[in-house]
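The exercises below ask you to read a protein model with care, and each one is followed by a solution that goes step by step.

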Amino acid sequence: MKKQSSDTSPHLENQNHLETQESFRQNFSFAEKILDVQGMFPTLSDDHDIRKVTREKVEHMLYAKQLISEIQEDKAYLGAKGINQWIWENKVQTEISQSLLREYLSRSMRNAPHVFFRKFQLTRNLVLHTAELFEIAPSQIEDGHLLDPKTLHQGFEHLAKDAYTSTLFHFLMRRSIQSGKLEKIFPFFKASDKQTNMHPRILGFQMHMEEKGFSRKHIRNTSTHVTQLFVWLCANVQTFKQATPDTISVFQIQNEHLLMYRTYKLRLVRDGECSQISFTHSIYAIRSFYHFLHERFGFESPLQRFRSIKAPRYSPRELPTDQQIVAFFQVVEQYARNPVREQIGYRLMFHLGLRLSEVAHIKWCDINLGIRTIVIHSKGKKSHVLPLAEKLCSLLQELQTQPRTTYLLGQRISTIKHDVYEYFLLYAMITGWPFPGGVHIFRHMFITRLAYKGILPQAIKELARVRMLDTVGLYIHMAYRDGHMISQIDLLQYE
């Protein structure tokens, strides 16, 4: 039998030969370096020989029976409206006893679920703040406490100011006027005048990041790091004493000033007032800002020796059990606005380890159901081809019958990312997951699961689409350590 070339493109192969088709090209010189790994993994089968990693074995790594049977009870489809009802029954009725706040929330039942939940969180925070103000237990708060002018002024001063806060406080102020406690509605954004204006160059940097498609959270955090630099320079460097953070001359900032700020931030790290991760984010934000200035204005960056530090980016965390994962997808199927489309989004992250940004960018042209593959556009403008199987294939086939959208999961990337993240938090809450964080937990589960199965680190690196083996090594170290500890405990003999 003629041996099939390992360099043959998967898309050019006949569909009848899919079972023996390779999932990614092999590098034999690289493979020779990793075969002799005595002690790292026991050689149990050909699964540990990277030269024999076929598509079938890749699918086994990704899709082998890892969950209990997903047979579920027939539950009535409730849709997104059911989420608000769940929040009302399980959160509002158990945590909000004040009739005034219940009336406010009942008027918001038609809001989008994530909006309604944020309004609930705001009312809960107001109750906690009012209890602290009057030095009584939250359960003792009555409507009169909420309508007290002192509560309204203090609450406005200390609670986050956004559209949700504005709606709640206007509701309470009108009721306070009706009860004779407050004379008139005071300007809601009065205190916002005290906030520092944004530097024009930072505003331009924000617009630049928006054009690049960065998330609102990333843009906000990056801008904050640069603003903190300007604030520190105005307060600590004589050259900028007469300036303010929003008027400082960016082009007067020299490398010596930046190194002074770096030393200041390092001192905060050593004193425990700043984490290593926060320090690295600050350094990268400032470097990105100067890269923008060079790209937009041709300004030569003064940065020299403005380096970051090594910071641990992985910490072991508790992960959902098989039963909890099954329960999550059952909740999605019961409450999602579009169960098929939303399950695909979360399953792409769970089964293939996709990042949220990668999921949002997928188009139908990236999917080939004929040969069951999907093209992933990852960081650094790199593309990877991964196999599709089982539940994902059937869901994608079902989605084909629905109206097409610009991207697989919607019309706009920003909207897709926002909805996938916000609704994940709601689904996880309904499921009863106690795990902190957002959708990145799926990628964490994906890599951890591969590591615990004893798959070669080079195979995990390809499947997880990471640049350095060091990243994979963190997960493998934890898996190997746990496995070693279990084997050592098994050696103990008890009389």
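**Exercise 1.** Is Glu 135 buried or exposed? Locate Glu 135 in the chain and describe its backbone as well.

Solution. The model is a predicted one, in which local features need pLDDT of at least 70, side-chain atom pairs count only at pLDDT 80 or more, and totals for chains, interfaces and linings use all residues. Residues are numbered from 1 along each chain as its sequence is written, and side-chain values use heavy atoms, with hydrogens and water left out.
Begin with accessibility: buried means under 20% relative accessible area, exposed over 50%, and partly exposed in between, with a 1.4 Å probe and protein chains only. Glu 135 has a relative accessible area of 73% and is therefore exposed.
Next, place Glu 135 in the loop between helix H5 (113-134) and helix H6 (143-147), where helices (H or I, at least four residues) and strands (E, at least two) are DSSP runs numbered from the N terminus.
Finally, turn to the backbone: most residues other than glycine have a negative phi, whereas phi of Glu 135 is near 55°, a positive value.

**Exercise 2.** Where is Arg 305 found, and what is its phi?

Solution. Arg 305 lies in the loop between helix H12 (276-297) and helix H13 (322-335). Its phi is near 60°, which is a positive value in a residue other than glycine. Arg 305 has 52% relative accessibility, so it counts as exposed.

**Exercise 3.** Which residues of helix H8 are buried, and how does the span of H8 relate to the expected one?

Solution. H8 covers residues 163-178, 16 residues in total, and reaches 23 Å from its first C-alpha to its last, close to the 22 Å expected at 1.5 Å a residue; the expected span is 1.5 Å times one less than the number of residues. The buried residues in H8 are Thr 165, Ser 166, Leu 168, Phe 169, Phe 171, Leu 172, Met 173 and Ser 176. Just after H8, Gly 180 takes a positive phi of about 85°.

**Exercise 4.** At what angle do the axes of helix H10 and helix H11 cross, and which residues make the contact?

Solution. The axes are lines fitted to C-alpha atoms, for helices over the stretch in contact, and angles run from 0 to 180 degrees between N-to-C directions. For H10 (residues 216-236) and H11 (residues 255-270), the axes come within 11 Å and cross at roughly 105°. H10 is therefore roughly perpendicular to H11, given that angles under 35 degrees count as roughly parallel, over 145 as roughly antiparallel, 65 to 115 as roughly perpendicular and the rest as oblique. With contact meaning heavy atoms within 4.5 Å, H10 contributes His 225, Gln 228, Leu 229, Trp 232 and Leu 233, while H11 contributes His 257, Leu 258, Met 260, Tyr 261, Tyr 264 and Lys 265.

**Exercise 5.** Where is Lys 382 placed, and what is it in contact with?

Solution. Lys 382 sits in the loop between strand E2 (373-377) and strand E3 (383-387). With a relative accessible area of 46%, Lys 382 is partly exposed. Leaving aside neighbours within four places in sequence, Lys 382 is in contact with Ile 376 and His 377. The C-alpha atoms of Lys 382 and Arg 465 are separated by 9.2 Å, although these residues are 83 residues apart along the chain.
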